[in-house]
Amino acid sequence: MRQFPLEMHQVAPGRVVEWRLRSTAAEPDGPGDAAGRRASFNQDKHFTVAEESRAADDPVASWIAVTFEVAGRLDEPALARALLAFVQRHEVLRCAFRRLAGELACEPFDPAELALEAEPVGVFDTSELLRDFLVERFKRSIDTLSWPLFTMGAVLREDSATVYLAFDHIVCDGMSMPIVVHEVLTDYEALCRGEDSGLPPVARSYLDFADEQRRRYLSIDARDERLDYWREFIARGGEFFPRFPLDLGVEPGRMYPIVNEASVLLDAGEAEVFEKTCLAVGGKPFMGVLASVAVCLRDAGGPGVYRGLMPVSERGREGWADSVGWFVNTMPIEFDASPGRDFAQVMAAVRAGFTEMIGHIDVPFVRAWELLAPEEFAARSWPYPVNFFSYIDMRKCQGADRHGEWRPATHVWSARANGACSWFQRDADGLHMNSLYVDTPAARHTMGGFQEALRLTVQEITRSGGFRRPVALTPPRRPVGTPLDVAAFARRG
């Protein structure tokens, strides 16, 4: 399971059906307990940006989607029941968000009062027409300020189907997508056999997580000792947000359309060798990728000390492994990748930096941002291009043993940006990279060269166990994302 642009997905044509979620009640559960369910800090900031953008007639838009395959002729009633059961299991998916006395409240609908209605969309004769429809459909249907906050559908053919679900970020994160696939298909297959799925109840809701987070951190101030790690990081760099160190050609205060690209860095065999090489020097594969990123940025003119933001999952701390929600804290990480350091030395620095970071993961990113950079917090976006690194090993997700059969994929999209973000995924087919960045000539040149340099670097580590000698940062002969690269990417997974 990997993440790549929906535009790169080769979905076979067919008949499209969608299922609309509705409530048989006029309102959510109403005041009382429901009114006391407060949103998480991530959700509150996300919703506030949507409100302010709408008021300024400058709406922001983004979505996270998942697609997966069903073999054989689709049983439409069984899939509808599986989709409804999935929504009923996860409280955050059946919530309406509302402002109550300034607080963002999550008001859940009673699961027994939810229903799905099938809505035929039409027949698409080519993959290109279908892909264009899905891209536009997700853009138009996902609205942070309107419930429901996701759309569900399927492309039906005589002998197979492609199922899709697209969500607003306010109700999920990247690690929620494997849960979607596993639960919907497990339930669907059981229903087709005339059985119950046997899925256990969700141990804890994301709304429970949000409530606990608010109780712990709403009352802290900028002097709280739990913010010492952040304050020291800011003191060394001079800013709350660590800057992306290469030129992207952006103007201050301006947002740009995005480029969404994906590529293969290592195939399955190479990724295995890469992992063993990282383990041999006391590190993990994600540390090896981060070390490689730091060295490539340094060789392209960035600083010897890597400073960036890194999202960290909060699912495993208290039993939220099977819950859908936005369980992500974003933390600063810093380590020395100066010239002259070999692979083992940089890996040791990454390990030390990561260990230090994890030791201070307690305070939510949005709360630290609000307390330590209040002027920037008032803005609707990060203030400038920020150095950002994300890594997920999809082989460890729920249902990973059947990903080869289900062929799940994650797709992310955002209307505009003012910087660059890169996500790395490891799956059974290798190591993959997906980047969203501003669509400027400078950014296309910089990111094209960076991706090629990174690919060469991780490949060199698999061959020799160390970094290659620095080379000039030049883009590949054929820019990533051209038809040739898309075809090659599809063949590799």
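1. The sheet. In this predicted model, five strands form an open sheet, listed in the order β12-β15-β16-β9-β14, and their pairing is mixed. The edge positions belong to β12 (389-393) and β14 (416-417). Each of these two strands has a single partner, so one side of each is left without a neighbour in the sheet.

2. A pair within the sheet. Strand β9, residues 256-267, runs antiparallel to strand β16, residues 430-438, and 9 bridges join the two. Within this pairing, Leu266 is found opposite Leu431 of β16.

3. Helices on the sheet. Helix α7 (residues 268-280) packs on the sheet and touches β9, β15 (420-427) and β16. The direction of α7 makes about 80 degrees with that of β9. Helix α8 (residues 285-299) also packs on the sheet, where it touches β12, β15 and β16; the direction of α8 makes about 155 degrees with that of β12.

4. Helix against helix. Two packed helices are described by the angle between their axes and the distance between the axes. For α8 and helix α13 (residues 441-464), the angle is about 130 degrees and the axes lie 9 Å apart. The angle falls outside the roughly parallel, antiparallel and perpendicular ranges, which means that α8 is oblique to α13. The crossing of α8 and α13 is right-handed.

5. The residues in contact. Which residues make the contact between α8 and α13? From α8 come Ser292, Val293, Cys296 and Leu297; from α13 come Phe450, Ala453, Leu454, Thr457, Val458 and Ile461. Of the residues in this contact, 8 are nonpolar and 2 are polar, while no charged residue takes part.

Conventions:
Residues numbered from 1 in each chain as written. Predicted model: local features only at pLDDT ≥ 70, side-chain atom pairs only at ≥ 80, totals over all residues. Heavy atoms only, no water. Pairing = 2+ DSSP bridges. Helix = DSSP H or I, 4+ residues; strand = E, 2+ residues; numbered from the N terminus. Contact = heavy atoms within 4.5 Å. Axes fitted to C-alpha atoms, helices over the stretch in contact; angles between N-to-C directions. Parallel < 35°, antiparallel > 145°, perpendicular 65-115°, else oblique. Left-handed = near helix turned anticlockwise from the far one by under 90°. Nonpolar A, V, L, I, M, F, W, Y, C, P; charged D, E, K, R; others polar.
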